[in-house]
Amino acid sequence: MLLTVQNIHKTYQTADGPFAVLRGVDLTLDAGETLALTGESGSGKSTLLHLIGGLDTPDQGHIHLGELDITTLDDNGRAALRRGTVGVVFQQFNLIPSLRVSDNIAFQARLADRYDPLWDATLAERMGLTPHLNKYPEQLSGGQQQRVAIARTLAPKPRLVLADEPTGNLDEATAAAVLDLMLELVSETGAGLLIVTHSTELAGRMSRRLHLRAGQVA
Amino acid sequence: MTRATLQALLSHWWRNPLQLFTLLAGLALATALWSGVQAVNAEARASYDAAAATLGEGQYDRLVRRDGQPMPQETYVALRRAGWLVSPVVQGRLDGVRVVGVEPLTAPGGIGPVDPVQGGDITEFLSGEGQLFANAETALALPDLNVILTPEAAPGTAVTDIGVAQRLLGKLGQIDSLIVLPGQPKGRADLAAVAPDLTLQPAQGGSDIGRLTDSFHLNLTAFGLLSFAVGIFIVNGAIGLAFEQRRPVVRTLRALGLPLRNVVILMGAELMIFALIAGVIGVALGYGIAALLLPDVAATLRGLYGADVSGTLQLRPSWWLSGLAIALGGTAIAASGALYQISKMPLLAAAQPRALAMAAGRQAVVQGVFAAILLCVAGVMMFTANGLIGGFTLLASLLIGAALALPLILDRILAASSKIATSVTAQWFWADTRQQLPGLSLALMALLLAMSANVGVSTMVSSFRLTFTDFLDQRLASELYIRTENEAQSAALVAFATPRTDIILPIQSADTEVAGQPTEVYGARDHATYRDNWVFLQQAAGPWDSTFGGQTVLINEQLSRRAGLNVGDAIVLQGTSFQIAGVYGDYGNPIGQAVIGEGVFATLYPAIIPQNFGLRMDPVAVPDFLTDLEATTGIRATQAVNQASIKAISLSIFERTFTVTTALNILTLAVAGFAILMSLLTLATMRIPQLAPAWAMGMTRSQIGRLELVRAVMLALLTAVVALPLGLALAWALLAVVNVAAFGWQLPMYLFPMDYARLGLFALLAAAIAALWPARRLARTPPADLLKVFSNER
């Protein structure tokens with residue numbers, strides 16, 4: 001099993017007191033499998049994605065990537081996990097505005113010491129970014145920027161790809177095109193894909209779907 | 001990983017070259033001003049050390065005559081025969097150069113010439129064939145003598161064999177002092193028995209010049225620090241803004257797997273590299289500034305303290321290393337807050353730029369408390385500060401407290417203005433200005449410091465100028481001053497001038513010590529010139545009558561303050577006690593002075609024959625008088641100086657004294673103007689989202705641009721209004737506390753409203769010029785850029 005999430009709990013302190021976002025969530029994901037995580041706003045989808053991606057730590061429960069329990073890792077260990085094993089595609093793209101498109105694509109692979117110029121070139125071409133490699137992110141449309149973000153995530157060939165509303169900022173046609181590409185490339189690398197989305201159409205294209213309601217799997 | 005991260009971090013600066021320029025230029029300017037001042041200080045101190053080494057000042061006990069006059073060579077011989085290990089020294093001035101004669105065979109090591117670089121011949125030196133050792137600058141003043149170049153020689157000083165010095169200085173058979181060597185033999189004869197007219201001056205562990213000029217160098221250092229602080233405001237602003245803009249990038253870097261520690265270390269390293277580059281540029285600029293300032297500083301030190309300082313600059317490791325160190329240290333201080341915030345920034349917080357206004361709001365309370373504490377300290381120090389350290393503590397708390405309080409004061413004024421605004425545009429203008437305040441506050445604080453320093457220093461200098469000019473009129477009352485070459489000329493002058501002048505006033509003095517302070521004792525002739533012109537700060541009844549009568553003494557303010565002497569106290573001169581009858585102002589004199597009657601002076605110092613005279617006469621008759629004087633007595637016209645020339649020389653020395661501070665003032669104001677320009681330019685890039693709604697609701701782009709200009713000028717005006725009282729408080733502290741501690745005299749404070757108005761206009765002009773370009777850029781923002789604000793694709 002690529003990913004095993006067991007009995008995860010997470011509570012945030014708010015002005016109105018403690019708020020339990022996740023209350024005992026379990027899920028699994030195999031390599032090459034795609035999973036859509038759906039649910040209403042505040043149901044805990046993004047929080048769960050952040051915990052799996054090592055961006056945050058749970059209050060209770062375990063998350064295994066293969067044999068590795070990532071809840072036992074310290075800050076440096078989680079950083080290393082994010083560099084090479086898990087790739088995250090953010091809704092807001094989170095590109096580095098001062099780097100050109102080519103450098104943005106290569107960035108995470110270089111951090112992980114897995115930079116492969118050929119694979120980078122392939123990703124750029126498949127994403128239709130080759131004419132834009134020397135541009136800066138601000139010179140691209142939203143769809144193009146999201147494609148750069150996906151290419152950057154796939155460049156180090158992570159075992160698990162996490163995507164938080166990857167097409168949330170895009171129009172319907174662009175969203176469909178971007179998703180097609182992502183599914184194609186993830187499938188080629190054999191990675192697992194977990195997507196957080198509101199879109200039923202997008203969720204319908206995943207091999208499996210999990211619905212969260214009030215911090216629990218419905 | 002490191003390479004990729006550094007590339008990502010550095011790419012920010014390449015994409016924002018203006019920000020990089022601001023950072024480097026701010027730091028380079030700050031370092032330049034600091035290291036320039038330090039270079040001047042280092043050069044001056046090296047000169048003092050060289051002078052001290054030449055004469056062994058402060059290192060060895062000395063024997064001198066009680067009356068300050070030279071001793072006969074026989075005294076030296078008698079002491080040597082009595083077992084005293086002493087070495088003779090003769091010194092005097094020749095063509096403006098201080099000529100020092102030593103006896104190499106008996107002088108202690110380290111005194112006299114060292115390592116001549118060319119042509120040195122110790123045999124020639126010893127044989128008394130006229131060889132002198134001096135640096136290249138000094139050698140130029142002695143073209144007819146055999147001068148060997150020695151870089152280590154003290155500036156303005158030539159060292160030679162004692163026989164040569166005696167011949168050159170016309171002091172044959174005379175010795176000025178005897179150096180007492182360490183390890184004197186036991187059982188040597190008592191000094192009182194061998195040479196009863198000599199007195200032993202103990203070593204003081206440092207040269208007098210060094211101590212006297214310490215306060216001057218402290219003043220320069222304080223100015224250097226103020227300039228550096230203004231520069232660091234720019235650096236702090238640039239770093240703060242850059243880090244603010246890079247917060248999302250830092251979050252992305254961390255989300256992509258870069259450990260927090262690496263982010264902080266790399267961002268710190270990146271800044272240190274910039275600091276090093278800017279530091280090198282700053283040190284080079286500082287060298288240029290120092291080279292420009294040094295001649296004026298040298299003239300100041302010579303005029304004010306009689307200290308010879310080399311007019312040329314050398315590259316000394318101590319100052320360029322300190323320049324680099326302060327560039328790195330200043331950057332570390334300016335960046336520490338921003339780096340701390342980065343290290344505490346949660347990874348998952350909203351990845352958007354935190355509004356500067358929100359941050360300022362949180363800091364406002366802390367800043368207000370600090371400002372209040374510092375201003376309270378300044379308030380207390382105004383009544384209690386004493387001495388240089390106290391004076392500078394007062395200045396620092398006043399300036400920093402006021403700078404910290406400035407944004408809060410401006411915020412209150414803007415809030416009050418927005419309440420009384422009636423039109424929609426005015427309301428938006430005031431509200432928008434308040435929003436800009438946090439981003440501009442560092443530049444405005446820099447402007448406040450620069451302006452108040454300008455007001456303070458110009459008030460001090462102008463007050464000094466007024467007082468000093470009046471003082472010169474009082475003290476240089478004689479129409480003609482003549483210096484004779486010998487006793488015979490003195491007698492001839494008196495005989496010739498007595499029937500042709502109203503009065504001849506001999507100017508005669510002896511060097512001594514009063515209450516541990518080096519003091520010149522003058523013997524004055526009873527005349528209305530003194531009674532009518534001299535101004536007392538304290539006096540007993542009829543001070544001149546009792547002084548001319550030989551019962552009392554008058555002392556200058558410096559001696560009064562340094563020795564704690566007041567009217568009614570007694571001082572002892574040559575074993576005779578005199579009560580102090582008055583304390584007079586004596587501006588520009590570094591040491592103590594005492595005036596006694598001519599008669600009692602002649603009794604106490606019988607060996608001194610006056611060779612300087614002031615002549616009271618009709619100014620119109622001066623040219624004819626000089627012609628007749630030369631024809632009758634052989635006293636040349638070149639030995640005479642008229643009143644106007646002396647005043648002109650004195651005033652020119654005085655003007656040069658403050659050239660350095662004026663130059664630093666202008667530089668500091670220029671740096672503050674630069675800070676405003678850079679702040680406005682960098683803010684302009686962040687202004688589009690704020691201005692787009694106003695544009696969308698009907699304001700034209702040119703209207704927005706004009707308002708940007710008005711805003712900058714208005715903020716500069718408000719800052720100037722705060723700077724004026726602060727500058728006056730600064731002037732008061734400089735005149736009443738720092739000046740007294742540094743120079744020994746207090747000056748009355750005058751106000752110069754026209755100067756302040758002119759400075760205010762300059763500041764407004766600087767702000768307008770600084771705002772012009774950013775305002776023009778904003779006014780020309782393409783509509784497409786403004787529209788992007790409302791688009792999801794931005």
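**Close-up 1. Helices α14(B) and α19(B) make a right-handed crossing.** Here right-handed means that the near helix is turned clockwise from the far one by less than a right angle, while anticlockwise would be left-handed. This is a predicted model, in which local features need pLDDT of at least 70, side-chain atom pairs count only at pLDDT 80 or more, and totals for chains, interfaces and linings use all residues. Residues are numbered from 1 along each chain as its sequence is written, with chains lettered from A and ligands numbered from 1 in the order in which they are written. Helices (H or I, at least four residues) and strands (E, at least two) are DSSP runs, numbered from the N terminus. The axes of α14 (residues 487–497) and α19 (residues 622–633) of chain B come within 11 Å and cross at roughly 130 degrees. That makes α14(B) oblique to α19(B); angles under 35 degrees count as roughly parallel, over 145 as roughly antiparallel, 65 to 115 as roughly perpendicular and the rest as oblique. Axes are lines fitted to C-alpha atoms, for helices over the stretch in contact, with angles running from 0 to 180 degrees between N-to-C directions. On the α14(B) side you'll find B:Gln489, B:Ala492, B:Leu493 and B:Phe496, which meet B:Leu629, B:Thr632 and B:Thr633 of α19(B). Two residues are in contact if their C-beta atoms, placed from the backbone, lie within 7 Å. Sorted by class, the residues of this contact of α14(B) with α19(B) are four nonpolar, three polar and no charged. Ala, Val, Leu, Ile, Met, Phe, Trp, Tyr, Cys and Pro count as nonpolar, Asp, Glu, Lys and Arg as charged, and the others, Gly among them, as polar.

**Close-up 2. Helices α12(B) and α13(B) pack at about 155 degrees.** The axes of α12 (residues 387–420) and α13 (residues 424–475) of chain B are 9 Å apart. That angle makes α12(B) roughly antiparallel to α13(B). The crossing is again a right-handed one, for α12(B) passing α13(B). Among the residues in contact are B:Leu399, B:Leu406 and B:Leu410 from α12(B), and B:Trp430, B:Leu437 and B:Met445 from α13(B). By class, the contact of α12(B) with α13(B) has 15 nonpolar, six polar and two charged residues.

**Close-up 3. Strand β17(B) pairs with β14(B), β15(B) and β16(B).** Two strands count as paired if DSSP finds at least two bridges between them. β14 (residues 536–539) joins β17 (residues 576–584) of chain B through three antiparallel bridges, with B:Gln538 partnered by B:Val583. β15 (residues 552–556) of chain B runs parallel to β17(B) over five bridges, and B:Asn556 stands opposite B:Tyr584. β16 (residues 570–573) of chain B is antiparallel to β17(B), with four bridges; look for B:Val572 opposite B:Ser577. A hairpin links β16(B) and β17(B) with two residues between them, and B:Gln574 in the turn has a positive phi of about 50 degrees.

**Close-up 4. Strand β1(A) pairs with β2(A) and with β4(A).** β1 (residues 3–14) and β2 (residues 17–29) of chain A run antiparallel and share 10 bridges. A:Lys10 faces A:Leu22 in β2(A). Two residues make up the hairpin connection from β1(A) to β2(A). β1(A) also pairs with β4 (residues 60–65) of chain A, antiparallel over five bridges. There, A:His64 is the bridge partner of A:Thr4.

**Close-up 5. An open sheet of six strands in chain A has mixed pairing.** Read across, the order is β6-β7-β8-β3-β9-β10. β6 (86–89) and β10 (216–217) of chain A stand at the edges, each with a single partner strand, so one side of each lacks a neighbour in the sheet. At the β10(A) edge, β9 (residues 208–213) of chain A pairs antiparallel with β10(A) over two bridges, and A:Arg213 stands opposite A:Gln216.

**Close-up 6. All eight residues of helix α1(A) are buried.** Buried means that 20 or more other C-beta atoms lie within 10 Å of a residue's own, exposed that 12 or fewer do, and partly exposed is in between, with C-beta atoms placed from the backbone. With eight of eight residues buried, α1 (residues 45–52) of chain A is largely enclosed by the rest of the structure. The buried residues include A:Lys45, A:His50 and A:Ile52. Just after α1(A), A:Gly54 takes a positive phi of about 75 degrees.

**Close-up 7. Chain A meets chain B through 25 residues, against 21 from chain B.** α2 (75–84) and α3 (101–111) of chain A are the elements giving two or more residues to the side of chain A that touches chain B. The most come from α2(A), with six residues. By class, this side of chain A has nine nonpolar, nine polar and seven charged residues.
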